[in-house]
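Colleague: Could you take one strand of this protein and go through its surroundings with care? I would like the terms spelled out as you go.

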Amino acid sequence: MDLIQRPRRLRGSENLRKMVRETRIDKSSLIYPLFVKEGTGIEEEIPSMEGQFRYSVDRLPFELERLQNAGVNSIMLFGIPDHKDEVGSGAYDPNGIVQKALREAKKQFPDMYYITDVCMCEYTSHGHCGVLCGHDVNNDATLELLAKTAVSHVEAGADMVAPSDMMDGRVRAIREALDANGHYGAPIMSYAVKYASAFYGPFRDAAGSAPSFGDRKSYQMDFHNRREGMKEALTDVEEGADIIMVKPAMSYLDMVSEVSKAVNVPVAAYSVSGEYAMVKAAAKMGWIDEERIMCEMAVSAYRAGAQIYLTYYAKELAKCMDEGRIG
């Protein structure tokens with residue numbers, strides 16, 4: 001048989017396969033989500049997220065050291081306060097849990113890169129992502145509090161802020177507040193394309209952020225919608241977002257691909273708690289190869305167009321890169 005096109009020629013050896021690889025990733029693009037809570041001596045495993053922990057500020061440096069040793073130098077901080085109220089005042093308290101964690105982390109590991117989640121849900125008594133007017137979230141009243149939170153994070157040492165609330169106009173409000181306080185160089189990673197997803201279940205257990213009534217479908221996006229996601233991404237870029245995030249990752253790679261082609265800023269994909277928990281559960285039953293699935297999921301996000309990957313598997317992926325099993 002006289003075949004001219006033989007794609008298998010470039011699959012003949014491991015060295016050749018790596019040479020012609022179309023998607024390449026490295027550890028510098030990984031961000032590890034990390035939960036900090038009030039108290040001392042706390043390093044408690046999250047039941048629905050095997051291998052993930054909540055840390056008190058005094059225990060946080062031990063995990064930062066493990067991350068640094070693995071070559072993962074960027075983290076996303078989520079705070080779990082002791083006190084919650086109607087307006088989520090712990091989010092923008094200068095002595096709030098994230099602010100205290102930032103100061104301690106910056107002191108001990110100044111070369112790591114600290115990103116903070118900016119939202120109200122962990123701090124409000126009702127668990128919604130903003131100020132309530134009756135049973136509705138008041139979009140515009142929430143903007144001021146989000147801006148105050150972002151400024152307080154940067155002043156405590158955050159290198160980047162990441163609003164996840166999905167209020168209209170939040171990126172502009174945060175950008176204006178940061179600039180007004182002299183923080184012109186602080187970037188914003190916007191959770192721009194954030195769907196109202198069942199994949200967030202374990203995170204809400206980890207952060208204690210489930211709403212006490214109703215749901216978040218009036219501000220997070222309907223997962224049926226593609227054009228709406230593009231509108232959100234483009235609007236946030238216009239308002240000053242420096243990085244656009246798509247969340248979740250695995251079931252939304254079409255959006256990662258489309259957004260990456262449409263915007264002129266880097267795109268991040270967040271492989272969320274439900275994705276992690278499903279892989280862990282299936283691996284525990286012996287049904288899948290956890291490492292291979294983890295690597296495939298990561299590569300799929302980069303192949304779709306993401307330049308940044310937020311994942312609870314960051315340390316394990318870094319090890320696989322070191323050992324040449326992914327990269």
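Modeller: What follows is a close look at strand β10 and its neighbours. This is a predicted model, in which local features need pLDDT of at least 70 and side-chain atom pairs count only at pLDDT 80 or more, while totals for chains, interfaces and linings use all residues. Residues are numbered from 1 along each chain as its sequence is written, and side-chain values use heavy atoms, with hydrogens and water left out.

Strand β10 covers residues 243–247 (helices, H or I of at least four residues, and strands, E of at least two, are DSSP runs numbered from the N terminus). Five of its five residues are buried, so the strand is largely enclosed by the rest of the structure; buried here means under 20% relative accessible area, with a 1.4 Å probe and protein chains only. Ile243, Met245 and Lys247 point one way from β10, whereas Ile244 and Val246 point the other way.

β10 runs parallel to β9, to which four bridges join it, and in that pairing valine 193 stands opposite valine 246. β10 also pairs in the parallel sense with strand β11 (residues 267–270), over three bridges, and there isoleucine 244 stands opposite valine 267. Two strands count as paired if DSSP finds at least two bridges between them.

Together with helix α8 (residues 253–262), β10 and β11 make a right-handed β-α-β unit, right-handed meaning that, with the strands pointing away from the viewer, the path from the first strand over the helix to the second runs clockwise.

How values were computed
Buried < 20%, exposed > 50% of the residue type's maximum accessible area, 1.4 Å probe, protein only.
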